[in-house]
Each structure stands twice: as structure tokens, then as C-alpha cells.
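Me: Could you take a close look at the salt bridges in this model for me? I would also like to hear about the surroundings, including the surface and the pocket.

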Amino acid sequence: MSVKATTTPVLVVQEDPREEHLLLDPRPTKELNGMILEAMQRTGKGFWLAVIILGALILVGLVGAWGYQILTGMGVAGIRRPVYWGVYIANFVFWIGISHSGTFVSAILRVFKAEFRRPITRGSEMMTSFALIVAGMYPLIHLGRTWRFYWMVPYPNQRHLWPNFHSPLMWDMMAIFTYLIGSTLYLYLPLIPDLAMARDNTTGWRQKLYRILALGWRGTEAEWHHLKTAINIFAFAIIPVMFSVHTIVSWDFGMTMKTGWHSSIFGPYFVVGAIFSGVSAVATVLLIVRRTMKLDYFLRPEHFDAIGKLVLVFSFAWTYFFFADYLTEWYGGEAVGKELLTLQAHGPVAPLWYAMLITNIVIPWLTLWNRKVRRSFWGLLLVTLGVNVGMYIERYIIVTGFLTRNRLPFDWGAYNPTWVELLISIGSLSTFIFLYAVVSRLIPLVPIWEVREGQIAHTLRRVGRALVPSVAELE
Amino acid sequence: MSEQPHRWTMIIDLDRCTGCQACVVACHAENNVPVAGEDEVRLGRAMHWLRIERYWEGEYPNLKARFVPMMCQQCENAPCEPVCPVFATYHSEVENVNIQVYNRCIGTRYCANNCPYIARIFNWFDPEFPEPLNEQLNPDISVRRRGIMEKCTFCIQRIRRAEETAEAEQREVRDGEVTPACAQSCPTDAFVFGDLNDPESRVAKLARSRRRFRLLEELGTEPAVIYLKGGDAYVG
């Protein structure tokens, strides 16, 4: 809709800011609540069908295939000398990367008071927690003796064993647990007022559930004060944790003496890659959520526009790190390093490597500068899906490709994943979608109070014939 | 280094190695190493703790095969040790070798990735000892189940036995008293094993050879396996 000036034809044709900006388009509280509660409780045939299929895939992958692997031995996976780590570790790094979405979008944008974050924080925080759950399964799936996983847990025991804190795997475990607990609390805190809202507007088992989850929230000034303080502390505290997690994941590789892995740039390189992949996943997931849950009022093109810009910026950043890593390896000219570059340029992994360059660099750079692409459903969906395919390839090459080449050429090898690894990977992807789908019907996917807070702070004022947004500074 | 009672060292004379693989078989027999089978070997899952790496040199018809027996190098500064989250591999101060505790291993395979010699062997499946191999399992050594990392131990059971015998007889371990299975079976005497701390031992004498080198020495892993250059290598 556009407001056309009728009296003076010289006036500029101006878009109505209310249509563009969620925060300038306030609705009564009841209507807002109603919209989100309706979306939350709408479970059609398609939804249940999806849930059943996902559940079946989880059973096949995580019970069937993983069970088979535990009972038979790691040999059913494609790993072999010298590629001792395979798809499982690539998946692990990938899901840890996806988990960076929530914190980045939510905490960093909250700290910097980026207003477009308001309706998308919850959706991305949920991704963090679920991606971490999926990622956390992989070190277990990958263990030769899964049933002895608790030997890595530091607790006083009769075996007189204590884990080795020199091992990057121990750092990894601690970082992931910290992040999982921190990010789940960070998801929960801003959820409390919305749970109270849901408690007040639902009946039956839902009301009982929300009554417990809302922790007796009444919305007094003191409660708001405490909540805001707690959220603020968590938003700041979770950021260094996020950086530490993927840095430590990269150190699983960086701390070794393997050529290609042993690199001091791996920490920041992996963090940037994780945010690149995570922010892309936020776009993908929210696009689908907007379609399936009919949240057009809350999730608007302006939000996807902003996420699209972030994806482009992180594509630049990732390319910079990728290039720095590549150039150093190439210029150093070490024999094994050269072999690794040859492997990527025209070895067995070359098709994957070029695909990665296309999805991570060429396509985002050619498309995301364009406002129309960022605002179109299919445009942004395909570009961001492509980025995650590319980021998966990156991890796959780093983990499995680099392991095929060693200093002693007699021990070079190859790697191909087997159907067991494939089924487990599909099972874990299904776990993520399953959790997201089910929980999106249980908790409000859009933080209503945060949207309302923003809408109160933003007003439209009419100055002459123009509509001027005015913003009241909060906090 | 000399605070340690022994510095067990292996010398491998590449000039003497004919690539006959007797050592590989002996190692399998001594250490209860299962046979992986044709298909698994083709995949790259041969279970040999000790393998003969064969490199071709030159172009046909002036072709030469070079054999390098390769096993755990028992690094003094081993890259596999710090990365294990459960201390399943650590450095023995007494024997000065790299120990693998099978019962403690949970199978992260991190050690194997970090070994520049790719010397570590993983049990992809539960071991099978088809008839009549099951009749000759070594009672001094456990049989490892699936999901566990293993590797050459310098036949630590033989080292321990010699040490205990010597202690019972209240004397030092004599040079040549400990012979790992590979050294025992080598028809050309390419393997020599002994204590480098004893300046009169065969190893100590051979270690002073000008042909000596250690694999990937530039990495600073300080292997306890010393190779003697073979062939027409310049020994000046």
C-alpha cells in the first residue's frame, strides 16, 4: 500500500512504514496474544504426519543404526586407517556451528540493541539448545566403547580414575556442557512472561503445564526488574561462552600435529564459520516457521532482509579466514600441505570443494546484495540452505579429507561413509526438526512481551503529510 | 633421561631388512593380534602392530624396493599421550615406553589421529581367532574387545618378565635378555633391542652408527626406535 498525495502531485510516493515495520504496527495486546496462541495450538494433519515421519526416522537412525553399531563395532562405519574420524565428527562440528545461531542473533543483537531481533530471538535460541543436544550426541556415537562414556566425567570413583584435562576433548566436553546449560537458561528466562501469558489464556493440560513453567510470574515491577537484570547478565555472559565453544571445537584439530589441522587461525576461523552457518540456519528455519505457522504478522520481510545482510557479512568474514588459511598453507610449501591443497583442487574431494566455494562465496556474494532476494521466500531459503550445505562440506573436508594425507605416504588412505553413518546422520537431523516442531507447539515461538515493548517504544507521528517514526530510548 | 633405570631402544637396520614379513607374523602371534581378513585389509583396516612399508624407488627397469618396518616409535615426547581424555595412553617412567591401557580406553581414536607414524591400530570389531589360531593365544596378553585402541608395546610382557627374573636373582638385566617377538623372528637380524642406558649394549653401540636416523625427527617426538640407513645411501 502506498499513500498517494492527492493535492500536490510533486510529493514523493511513500511506503507506509506500518506495513514494513512490525514495531510501528501495534495491535492490541489481546490480538497479539491471540495470534501467537493460535499459531501454537494449530496442529493440522500435515504437522502430525511430519512428526510421525520424523519420529520414525529417529527410531531408524538413532535406535536402529546406532544400536547396530554399538552391538557390532565401529567397523560398520566407513572409518579406517588413517581416517579415524569420519562423518560423526563432521556432524558434531556442524551442529555445534548451528548452535551459534541463537546466541549470536539473540545475545549479541540484544546487547547491541538491534531492534529487528525482537520477534526472532526465541526461534533462534531454541535452535541453539536443540542443535547442542544433537551435537552432544555425536561424541557418544563416535566412541568406540559408548557404554564407557562416563569415564570422561570427573567424579570421585572406585576406579581411581580422573579424566585427563590436558586433552582437548575434555575442554570440549566442559565447554559444551556450559554452553548447553547457559543457553537453555537464556532461552528460559525471557520465556517466563510469555508462559505466564499462555497460562492466563489457555485451559486444560496446557494451563497446568504453563502454571508450572511460569514459576508463578505475576508481572510486578520487582519481577520485571529482576528478569531484566538476569537477562542482561546472561546476554553478556553467554557471548564469551559462545566464542569459547567453537574455538575449543576447533582446538580438537588445531592442537594436533596434523598438517592442515595444526593452525592457530582455526579458532577464529571456526567461530566465524559457525556464525555464518548458524545465522543462515536461522533464516532457513524462520522462513519455514513463518510459512507453516502463519506468523506473517510477526516475521516480516524486514527481518529476513536484516538476517540476509548478516549472512552476507559473515560470508565475507568466512571467505577472509578461508583465504588466510589457504594462502598460509600454500605459501609455506610443506610437502604434506601441498598434498592437501592438491587433494582439494583436483583430488577425490575436489567436486565437494568447488561446490563449497560456490555455495559459500559465489552465490551469497552474487545474490544477497539484492534486496529482492533477501526478501523473497525461495531466494533466501535456497541461498541459506546452500550456505549450510557448503559449511557442512567444509567440515567434512577438514575432518575426513585432511586425514587421508599424512607425512608418510605409505599411510595415505581414503574414506567413504557407509549406510550406518548416513542413517545416524539423518536420525540426528530428524531429532533437531522433531524437537523444534514439537516445542514450537508448546511454547510461544515469538516473544510477545519483547515485541510489545518495542511497539510501545516506537510510535508514528504525523508531521504535515509525512509519517515520522519516533523512538523512545529504553533502559 | 638417565634417571630412568632403562631406556629400551629398538634399532632397525634397513640394510638387513628383506621385507620377508616374518616379524609381522611373529608380532601377531605374540601379542594376540587378530587377523582382519581380506576385505577389511582392503578397506585399510589391517591389524598389524608392525607393518613393512614398501616404497618403490626409481623407474622400471631400474627399480628398487625399499622396506621400512613401521611400528609404534615409543616416542619420549609422544603426541598421542596428552590428547587422550581418560589417560588410556601414558608414558611409563620405568620402562620408558608408551603404555596403552586397554581396559581404560573408550575409543575416541584421538591418539591415532595425532600419531604422525599412523602406528595405532583400532579394534573395529570384536576379535575372531578362527581355528587353529585360538589354540595359540598368548596367556601373558589380554585379548582386546571392539572399540579399543592398541599398538606395539615393545613386547612389554617380555621386558617385565626379564626385569622380574633379574630382580629375583638380584642382578641387572643383561644385554640381549629381552628380545621382542619381531627381533626374535627376524632371519637377518635387522632388529636389535636393548637398553640404551648401558653404554656396552649392542643397541648403544649401533646407535652411535653414522647411518642412524629417526623417523620424522624434525617433529621432536624423540622416538625410541632408531633406524640405520640402508641401500646405497651415503653414509660418509
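Reply: Happily; here is a walk through the salt bridges, followed by a pocket, a surface patch and a helix.

This is a predicted model, in which local features need pLDDT of at least 70, side-chain atom pairs count only at pLDDT 80 or more, and totals for chains, interfaces and linings use all residues. Residues are numbered from 1 along each chain as its sequence is written, chains are lettered from A and ligands numbered from 1 in the order in which they are written, and side-chain values use heavy atoms, with hydrogens and water left out.

Let us start with the charged pairs. Side chains of opposite charge can pair when their charged atoms come close. A salt bridge here is a side-chain nitrogen of Lys or Arg within 4 Å of a carboxyl oxygen of Asp or Glu, and the count over all chains comes to 38.

A good one to zoom in on joins A:Asp305 and A:Arg374, with N to O at 2.5 Å. This pair links distant parts of the chain, 69 residues apart: A:Asp305 sits in helix α12 (residues 301-332) of chain A and A:Arg374 in helix α15 (residues 371-375) of chain A. Helices are DSSP runs of H or I with at least four residues, strands are runs of E with at least two, and both are numbered from the N terminus. Both A:Asp305 and A:Arg374 are buried, meaning under 20% relative accessible area, where exposed is over 50% and partly exposed lies in between (1.4 Å probe, protein chains only). The two also belong to a salt-bridge network with A:Glu20, A:Lys309 and A:Arg375.

Chain B offers another pair, B:Glu95 and B:Arg160, which meet at 2.9 Å, N to O. B:Glu95 lies in the loop between β4 (89-91) and β5 (98-100) of chain B and B:Arg160 in helix α5 of chain B, so the pair ties together parts 65 residues apart in sequence. B:Glu95 is buried, because its relative accessible area is 3%, while B:Arg160, at 37%, is partly exposed.

For a third pair, look at A:Arg27 and A:Glu31, whose closest N and O atoms are 3.3 Å apart. A:Arg27 is partly exposed at 33% relative accessible area, and A:Glu31 is partly exposed at 36%.

Now to the pocket. The largest pocket has a volume of about 880 Å³ and is lined by 35 residues, of which A:Trp95, A:Val285, A:Leu429, A:Phe432 and A:Ile433 lie nearest its centre. On a 1 Å grid over the protein atoms alone, a pocket is an open set of points where a 1.4 Å probe fits, with protein on both sides within 12 Å along at least five of seven lines; lining residues have an atom within 4 Å of a point. The volume is the space filled by probe spheres set on the points, which are joined across faces, edges and corners. Helix α17(A) gives the most to this lining, with 10 residues.

On the surface, A:Leu49, A:Ile53, A:Leu57, A:Leu422 and A:Ile426 form a nonpolar patch with about 430 Å² of accessible area together. Patch residues have over 30% relative accessible area and no salt bridge, and nonpolar side chains (Val, Leu, Ile, Met, Phe, Trp, Tyr) are joined within 5 Å, like charges within 9 Å. Areas come from the Shrake-Rupley method with a 1.4 Å probe, and for residues only the protein chains shown count as cover. Helix α3(A) gives the most to the patch, with 3 residues. A:Leu49 lies in that helix, α3 of chain A, and counts as exposed at 53% relative accessibility.
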